[in-house]
Amino acid sequence: MSDEDVRIQEPSFRESVDIMFNRAVALMNMAPGLEEKIRVCNATYTVRFGVRVRGGIQTFTGYRSVHSEHMEPVKGGIRYALSVNQNEVEALAALMTYKCALVEVPYGGSKGGLCIDPREWDDQEMELITRRFAYELIKRDMINPAQNVPAPDMGTGEREMAWIADQYKRMNTTDINGNACVTGKPPNAGGIAGRVEATGRGVQYALREFFRHPDGVAAAGLSGSLRGKHVIVQGLGNVGFHAAKFLQDEDGCVITGIIERDGALFSPDGLDVEAVRSWIIKHDGITGYPDASHQADGAALLEQDCDILIPAALEGVIHLGNADRIKAPLIIEAANGPITAGADEVLSSKGTVIIPDMYANAGGVTVSYFEWVKNLSHIRFGRMQRRQEEGRHQLIVDELERLSADSGIGWTLSPDFKERYLRGAGELELVRSGLDDTMRTAYQAMHKVWRERDDVRDLRTAAYLVAIERVAASYRAKGL
Ligand code: NAD
């Protein structure tokens with residue numbers, strides 16, 4: 001049987017999410033009615049709209065799905081890809097509900113998508129199409145600062161978010177909170193420092209926290225710290241690029257493999273992530289990159305020896321057809337749903353530790369939450385306290401230096417310490433601090449369930465248990 005035949009036998013992404021949900025719920029004592037209420041998607045809106053482009057009318061199909069409104073607004077990215085469909089959007093919306101609950105971000109789950117290949121359209125056309133899609137959603141309150149707040153996902157970024165925010169403000173000219181209708185905007189259009197890097201940064205913080213727990217590291221058959229670990233990344237887009245870059249530059253990881261649409265690069269001594277990214281931008285792919293070996297069958301590199309595998313492109317890339325050949329002892333799901341339910345079984349039974357998507361890529365929604373709060377408070381984080389904090393630190397430094405001089409001890413503070421201690425936290429430092437705290441706290445909740453309950457065999461089940469229990473508690477407290 002070919003890999004493709006095996007894949008056809010697998011459940012869809014939507015069914016995979018439900019299988020994983022059901023596996024967790026089986027370990028809980030939950031009324032069946034409530035279980036069903038949490039599992040199902042509340043609503044999915046399909047829109048077909050026409051845009052006048054290239055001398056004719058082109059019809060596009062888009063979706064916005066709301067999984068759970070136990071907290072509002074609901075939140076989730078908008079994806080632009082030809083493969084977008086209702087099933088996928090609903091699976092992603094469900095994941096958003098659980099993700100927000102796990103990282104204690106006060107939102108319900110939602111997701112949107114447009115069937116389009118953004119590379120086929122120029123900037124002006126993309127703006128027309130995005131504004132029209134946004135118009136269709138805004139007029140039905142499916143984009144609204146109090147009800148439904150999208151963000152970037154595959155194929156969208158700051159540019160699309162800026163157009164959406166502007167479209168909302170044109171249609172709601174007196175809404176003073178208009179900027180909060182969407183997150184992931186550019187910093188000069190209501191965005192927040194650190195949003196672009198946030199999901200990749202969250203992957204880095206997740207791995208750092210994982211390596212702070214030796215029992216978890218040992219369960220993966222690894223030891224020591226992140227330093228020197230060999231890493232393979234699939235997808236050098238927003239998430240994959242930032243995760244790989246930070247792990248290489250700040251944690252001493254060796255990025256041995258990068259898999260992209262047009263094949264994979266491999267170098268046992270490590271690839272220069274920045275250089276590969278620049279090459280991709282310039283040449284529209286990795287083909288021809290000089291300092292590494294290139295293989296046309298990119299996905300085959302998922303099966304290469306490494307310590308940490310980071311699928312950061314799209315769903316379903318590790319499936320029943322290749323799961324038993326995956327050698328990495330630790331996989332962190334930077335993408336949403338990269339491992340099918342069937343592959344998850346295979347990997348778990350051979351002891352592979354999987355840091356699940358719902359946790360691993362929650363950095364994006366976490367910093368989106370900070371951006372939304374910033375938009376509603378109409379003030380940049382750190383603006384009120386930064387200089388005051390610096391003044392108080394200066395007082396201590398002055399006093400230490402006076403004591404040292406007066407007592408004749410002659411101690412001096414190192415210039416590096418003084419420089420770092422005296423600098424008050426700006427928005428970027430505060431965002432990173434809030435993200436780090438979120439990733440640590442959420443991991444600890446998951447880890448505790450994983451290590452302490454005999455009936456919980458993996459981190460994914462633990463993550464679902466923590467998340468579902470929180471959503472259920474919210475329904476119980478507030479009613480349906
Ligand atoms: P992106 O469009 O910036 O990057 C995706 C990358 O994957 C691109 O470089 C693309 O060329 C590559 N790619 C596409 N198909 C591939 C294939 N078959 N093999 C190898 N590489 C391939 O998207 P992104 O925003 O980085 O999102 C990636 C994943 O992370 C998605 O699953 C998304 O849902 C998830 N995610 C993103 C965010 C975010 O903040 N952007 C947040 C949470 C989760």
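In the predicted model, Glu469 is partly exposed, its relative accessible area being 36%, and its side chain meets that of Arg476 in a salt bridge with an N to O distance of 3.3 Å. Arg476 likewise counts as partly exposed, at 49% relative accessibility. Salt bridges that share partners also join Arg23, Glu333, Asp344, Glu345, Asp357, Arg457, Asp458 and Arg460 into one network.

Across the whole structure, 49 salt bridges are found. One of them pairs Glu250 with Arg208 at 3.7 Å, N to O; because Glu250 belongs to helix H9 and Arg208 to helix H7 (residues 198-210), this pair ties together parts that are 42 residues apart in sequence. Both partners are partly exposed, with a relative accessible area of 39% for Glu250 and 25% for Arg208. A further salt bridge links Asp455 and Arg453, whose closest N and O atoms are 2.9 Å apart.

The ligand is surrounded by 22 residues, of which Arg79, Asp153, Thr199, Glu260 and Asn336 come nearest. A polar side-chain atom of Asn336 lies 2.9 Å from a ligand oxygen atom, while polar backbone atoms of Val239 and Gly237 are found 2.9 Å and 3.3 Å, respectively, from an oxygen atom of the ligand. Taken alone the ligand exposes 820 Å², and 84% of that area is buried by the protein. Helix H9 (238-251) and strand E7 (254-260) are the elements that give two or more residues to the shell, to which domain 1 (3-192) and domain 2 (221-351) each contribute at least three residues. By residue class, the shell comprises nine nonpolar, eight polar and five charged residues.

Terms used. Residues are numbered from 1 along each chain as its sequence is written. This is a predicted model: local features need pLDDT of at least 70, side-chain atom pairs count only at pLDDT 80 or more; totals for chains, interfaces and linings use all residues. Side-chain values use heavy atoms; hydrogens and water are left out. A residue is near a molecule or strand if one of its heavy atoms lies within 4 Å of it. A polar contact is a pair of N or O atoms within 3.5 Å; within protein, one must be able to donate a hydrogen and the other to accept it, and residues adjacent in sequence count only if both atoms are side-chain atoms. Accessible areas come from the Shrake-Rupley method with a 1.4 Å probe; for residues, only the protein chains shown count as cover. Helices (H or I, at least four residues) and strands (E, at least two) are DSSP runs, numbered from the N terminus. Ala, Val, Leu, Ile, Met, Phe, Trp, Tyr, Cys and Pro count as nonpolar, Asp, Glu, Lys and Arg as charged, and the others, Gly among them, as polar. Domain bounds come from an automatic or database domain assignment. A salt bridge is a side-chain nitrogen of Lys or Arg within 4 Å of a carboxyl oxygen of Asp or Glu. Buried means under 20% relative accessible area, exposed over 50%, partly exposed in between (1.4 Å probe, protein chains only).
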